[in-house]
Amino acid sequence: MTFNTFNNKYLPPQEIDQSFEYFKNLNAKYCPEQKVIGKSVNDLPIHMYSLGQGQISVLLYSQIHGHEPTSTRGLLIFLNQLLVSDSGLLDYLKLSIIPQVNPDGALAYTRANANNLDLNHDAKNLSQPESQALAEILKNDKPDYCFSLHDHRTFHAAGEHGQPSSLAFLAPAFDQQLSMNKTRRIVMQIVGIIKEGLTFNQPVHLAVFNETYVAGGFGELAISLNIPSVLMEAGFFNRDYLRHKPAQLIAQSLSLALQSIADQSFEKQSIEIYQKLPRVKPEYVDFLIKGASFEGDNQLQNIKDITLFFKEELIDGQVILYPNVILREDWPNIRGYYNLDLNQPIT
C-alpha cells in the first residue's frame, strides 16, 4: 500500500479503515488495536487505534475539521515508516491515534460536522457526539502528551513578506493573556526540536499559527488539563495543491517530536526557537490579475487587482479546484502563486 503518493486530496473514512487493516500485518510485535470511542451525528464510528508498549502515553488526533486531510496523510506516512522500521520508539511510547475525529465531515469534505458545527470550538459546551468522544479521551485517559493535526489555507505567509508557510505550529494558551507555564513551555521546546530537524537540510518555511485564546478550543482544553498539546498545521509548498510535501513534513515532524519525547531530549531545548519563528500572515492569493480596468462601472472602477482563490469542492469522489473571486486589496503585501499583468504584452 502506498502512502507517499496520491492523486486526490479526498480521504474518506473507508480509506482510513483500509490503511489500518494494512498496518495490522506490518509488524507482528506492534499490531494496532482498534476501539470505537463514539459515533458521529450520522452514526459513523469514531475509531481510536492504540499501539506501543511504553510508559509514556501520547494522543494524536486529526481531521477534527473534515476538509483537512493533509495532516492525516502525514500521520499515515509516519505510522507506515514507524511500523516497518526498527527504531524502538514503540518500546518507550504508547500511541493512541484518532485519525478522523469528524468522520461525517471527512466523508462530505466539509470543515464542520453534520450539524454544521466547528468541533474544534466545542470543547467547552460539548454539544456534539464527536466532541464528547474526544473530550472523554482527554479527561479520562489523561495522556502525557497530545498532538492536534490540521491543515491551513494557502494564503498564509511565514511572516510579513515571507515565503508560503510550509508548516505552522502553536502552543495553545490557557488564558487570554497567553501566559507561560510549564505545560506551554514543553510544547515550545518540542516545536524547537522539530524546527531544528526540519530545516537542517531542506528549504522549508515554518511559522507560528494564530496566537489567540479560544475558550472552547480542544488545544486549550488539553493545556488546562496540564497535557502539553502541540498543534500542527500542514501548509503549502511550490504550487503543490495536492500537498505531497506538507504531508511528508507532518510525518517528519511527528518522528522528530516523538523521538524527543521518548528520550526526553526536548528538555534541553530553548523556547526561543519557537518564540523567534515568524507568525503567519495572510499575503498570498492563488491567482493575481494586475492592471484590471472597469471603465464606466462606478462600483468597480477603483479596483486595480483581481484576486482569485481556488475553492475546493467534492465532485464524484474527487476534490476539484475552481477559481473564486474574492477582492482582498486590504492585504498590504499581496502576492499570487499565479500572476497575470494586463499592462504587459503576452509573449
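This briefing walks through the pockets, helices and a few individual residues of the structure above. The model is a predicted one. Its largest pocket holds about 880 Å³ of space, and a search of the whole structure finds zero disulfides. Let's take the topics one at a time.

**The largest pocket**

- The largest pocket has 40 lining residues, and those closest to its centre are His67, Glu68, Arg111, Asp151 and Arg153.
- Five elements each give two or more residues to this lining: strand E5 (145-151), helix H6 (218-224), strand E9 (229-234), strand E12 (305-315) and strand E13 (318-325).
- Which element gives the most to the lining of the largest pocket? That is E12, with four residues.
- Sorted by class, the lining of the largest pocket has 14 nonpolar, 14 polar and twelve charged residues.

**The second largest pocket**

- About 180 Å³ of space lies in the second largest pocket.
- Its lining includes Glu33, Met48, Ser57, Val58, Lys94 and Ile137.
- The elements that give two or more residues here are strand E2 (45-51), strand E3 (56-62), strand E4 (93-98) and helix H4 (129-141).
- E3 supplies the largest share of this lining, with three residues.
- By class, the second largest pocket is lined by five nonpolar, three polar and three charged residues.

**Two helices to look at**

- Helix H4 has 13 residues that should span 18 Å at 1.5 Å a residue, and its end C-alpha atoms are indeed 18 Å apart.
- The buried residues of H4 are Glu130, Ser131, Ala133, Leu134, Ala135, Ile137 and Leu138. One of them, Ile137, also lines the second largest pocket.
- Just after H4 comes lysine 142, which takes a positive phi of about 45°.
- Helix H2 (residues 70-84) reaches 22 Å from its first C-alpha to its last, close to the 21 Å expected for its 15 residues.
- H2 is mostly covered, with 13 of its 15 residues buried.

**The loop between E1 and E2**

- Serine 40 sits in the loop between strand E1 (33-39) and E2, and aspartate 43 lies in the loop between E1 and E2 too.
- Is serine 40 buried or exposed? Serine 40 counts as buried because its relative accessible area is 4%, under the 20% cut-off.
- Aspartate 43, by contrast, counts as exposed because its relative accessible area is 52%, over the 50% cut-off.
- Beyond its neighbours within four places in sequence, serine 40 is in contact with Ile46, Pro103, Asp104, Pro129 and Glu130.
- Aspartate 43 and aspartate 104 are 61 residues apart in sequence, and their C-alpha atoms are 8.6 Å apart in space.

**Buried residues and their contacts**

- Serine 166 lies in the loop between strand E6 (156-158) and strand E7 (167-170). With 0% relative accessibility, serine 166 is buried.
- Setting aside neighbours within four places in sequence, serine 166 has contacts that include Val204, His205, Phe236, Phe237 and Leu249.
- Leucine 258 belongs to helix H7 (residues 244-262), and at 0% relative accessibility leucine 258 is buried as well.
- Which residues is leucine 258 in contact with, leaving aside neighbours within four places in sequence? They are Val58, Phe78, Leu89, Leu93, Leu95 and Phe147. Val58 also appears in the lining of the second largest pocket.
- Leucine 258 and proline 13 are 245 residues apart along the chain, and 25 Å separates their C-alpha atoms.

**Positive phi in loops**

- Tyrosine 109 is not a glycine, yet it has a positive phi of about 55°. Its place is in the loop between helix H3 (103-108) and H4, where tyrosine 109 is buried at a relative accessible area of 8%.
- Arginine 243 is likewise not a glycine and has a positive phi of about 65°. It is found in the loop between E9 and H7, and at 5% relative accessibility arginine 243 counts as buried.

**Cysteines**

- A disulfide is a covalent bond between the sulfur atoms of two cysteines.
- Zero disulfides turn up in the whole structure.
- Cysteine 31 is partly exposed, at 35% relative accessibility, whereas cysteine 146 is buried, at 0%.

How values were computed. Residues are numbered from 1 along each chain as its sequence is written. This is a predicted model: local features need pLDDT of at least 70, side-chain atom pairs count only at pLDDT 80 or more; totals for chains, interfaces and linings use all residues. Side-chain values use heavy atoms; hydrogens and water are left out. On a 1 Å grid over the protein atoms alone, a cavity is a set of points where a 1.4 Å probe fits but cannot get out, and a pocket is an open set with protein on both sides within 12 Å along at least five of seven lines; lining residues have an atom within 4 Å of a point. Grid points are joined across faces, edges and corners, and a volume is the space filled by probe spheres set on the points. Ala, Val, Leu, Ile, Met, Phe, Trp, Tyr, Cys and Pro count as nonpolar, Asp, Glu, Lys and Arg as charged, and the others, Gly among them, as polar. Buried means under 20% relative accessible area, exposed over 50%, partly exposed in between (1.4 Å probe, protein chains only). Contact means heavy atoms within 4.5 Å. A disulfide is a pair of cysteine sulfur atoms within 2.5 Å. The expected span of a helix is 1.5 Å times one less than its number of residues.
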